[in-house]
Amino acid sequence: MRIGEVADKAGVSVRALRYYEEQDLLQARRSPGGQRHYPDTAVSRVRLIQQLYAAGLSSRVVRQVLPCVDSGEASPALLEQLVAERVRIDQRITDLLAVRDRLDDVIAITRNPDSDCCHMR
C-alpha cells in the first residue's frame, strides 16, 4: 500500500506516517524509485499508534510497547512501566468523568435555570 492510501484509510496525515517511520514505529519498503510501500497491516498498526499516543504515551514508550503487542511478551521493567501508565490513564479517566458530570450540571442549569432538580456538585 502506498503512503497516501495508508494515510486515508487510517485517518492520519502523510506527515504523521513519515514521523512514525522516523520514530521507528512503522516500517515501509522502498521501491526502486524511492516510494514507500507499506504492508496491509499498516493501517491497524497506525490506529494502534494513534491510540497509544492519545492515551498520553511518549514515542519512546510506544516504541517499546509495539514489539510486545506483536510477541505478547514484555520485560519485567517494561511491564512495571505499563502498569504505572495504566494507573495514570485510570486516574485521567476518573478526572474526565468528573469534568463531564460538572458540564452536565452546567448544561442542565443553563437549559432550565428555574429548575431545582440540578445542583452543582
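Mentor: A salt bridge is counted where a side-chain nitrogen of Lys or Arg lies within 4 Å of a carboxyl oxygen of Asp or Glu. By that rule this structure, which is a predicted model, holds five salt bridges.

Trainee: What makes the pair E5 and K9 a salt bridge?

Mentor: The closest N and O atoms of E5 and K9 are 3.3 Å apart, and the cut-off is 4 Å, so the pair qualifies. As background, side chains of opposite charge can pair when their charged atoms come close. E5 and K9 both belong to helix α1, which covers residues 3–10, and they stand four residues apart, about one turn of the helix.

Trainee: Are E5 and K9 buried, partly exposed or exposed, and how do you know that?

Mentor: Partly exposed is the class for values between the limits of 20% and 50% relative accessible area. E5 has 36% and therefore counts as partly exposed, and K9, with 45%, falls in that class as well.

Trainee: How do you know that R88 and E85 form a salt bridge, and where do they lie?

Mentor: Their side chains meet at 2.9 Å, N to O, which is within the 4 Å that the term requires. R88 and E85 both lie in helix α5, residues 76–111, three residues apart, about one turn of the helix.

Trainee: What class of exposure does each of R88 and E85 receive?

Mentor: E85 has 17% relative accessibility, and because buried means under 20%, E85 counts as buried. R88, at 33%, counts as partly exposed.

Trainee: What makes D90 and R86 a salt bridge, and how many residues apart are they?

Mentor: The side chains of D90 and R86 meet at 2.8 Å, N to O, and that value too is within 4 Å. D90 and R86 are four residues apart in helix α5, so about one helical turn separates them. D90 is partly exposed, with a relative accessible area of 32%, whereas R86 has 54% and, since exposed means over 50%, counts as exposed.

Trainee: Let us turn to the helices. What is the angle between α3 and α4, and what is that arrangement called?

Mentor: The axes of α3, residues 42–54, and α4, residues 59–71, come within 10 Å and cross at roughly 135°. That makes α3 oblique to α4, because 135° lies outside the range of 65 to 115 degrees for roughly perpendicular and is not over 145, where roughly antiparallel begins. The crossing of α3 past α4 is right-handed. On the α3 side the contact is made by R45, L48, I49, L52 and Y53, and on the α4 side by S59, V62, V65, L66, V69 and D70. By class, this contact has eight nonpolar, one polar and two charged residues.

Trainee: What word describes the angle between α2 and α3, and how do you know that?

Mentor: α2 and α3 pack at an angle of about 80°, with their axes 12 Å apart. The range of 65 to 115 degrees includes this angle, so α2 is roughly perpendicular to α3. Here L17, Y19 and Y20 in α2 meet V46, I49, Q50 and Y53 in α3, and these residues divide into six nonpolar, one polar and no charged.

Trainee: How does α4 pack against α5, and which residues meet there?

Mentor: The angle of α4 with α5 is about 115°, with the axes 11 Å apart, and α4 passes α5 in a left-handed crossing. R60, V61, Q64, V65 and C68 in α4 meet L78, Q81 and L82 in α5. Their contact has five nonpolar, two polar and one charged residues.

Trainee: What makes the phi of D24 worth a remark?

Mentor: Most residues other than glycine have a negative phi. D24 has a phi near 60°, a positive value in a residue other than glycine. D24 lies in the loop between α2 (14–22) and β1 (29–30), and its 52% relative accessibility makes D24 count as exposed, since the limit is 50%.

Trainee: Where is P39, and what class of exposure does P39 have?

Mentor: P39 sits in the loop between β2 (36–37) and α3, and with a relative accessible area of 41% P39 is partly exposed. Not counting residues up to four places away in sequence, P39 touches M1 and Q27. The C-alpha atoms of P39 and D101, 62 residues apart along the chain, are separated by 43 Å.

Definitions and conventions
Residues numbered from 1 in each chain as written. Predicted model: local features only at pLDDT ≥ 70, side-chain atom pairs only at ≥ 80, totals over all residues. Heavy atoms only, no water. Axes fitted to C-alpha atoms, helices over the stretch in contact; angles between N-to-C directions. Helix = DSSP H or I, 4+ residues; strand = E, 2+ residues; numbered from the N terminus. Parallel < 35°, antiparallel > 145°, perpendicular 65-115°, else oblique. Left-handed = near helix turned anticlockwise from the far one by under 90°. Contact = heavy atoms within 4.5 Å. Nonpolar A, V, L, I, M, F, W, Y, C, P; charged D, E, K, R; others polar. Buried < 20%, exposed > 50% of the residue type's maximum accessible area, 1.4 Å probe, protein only.
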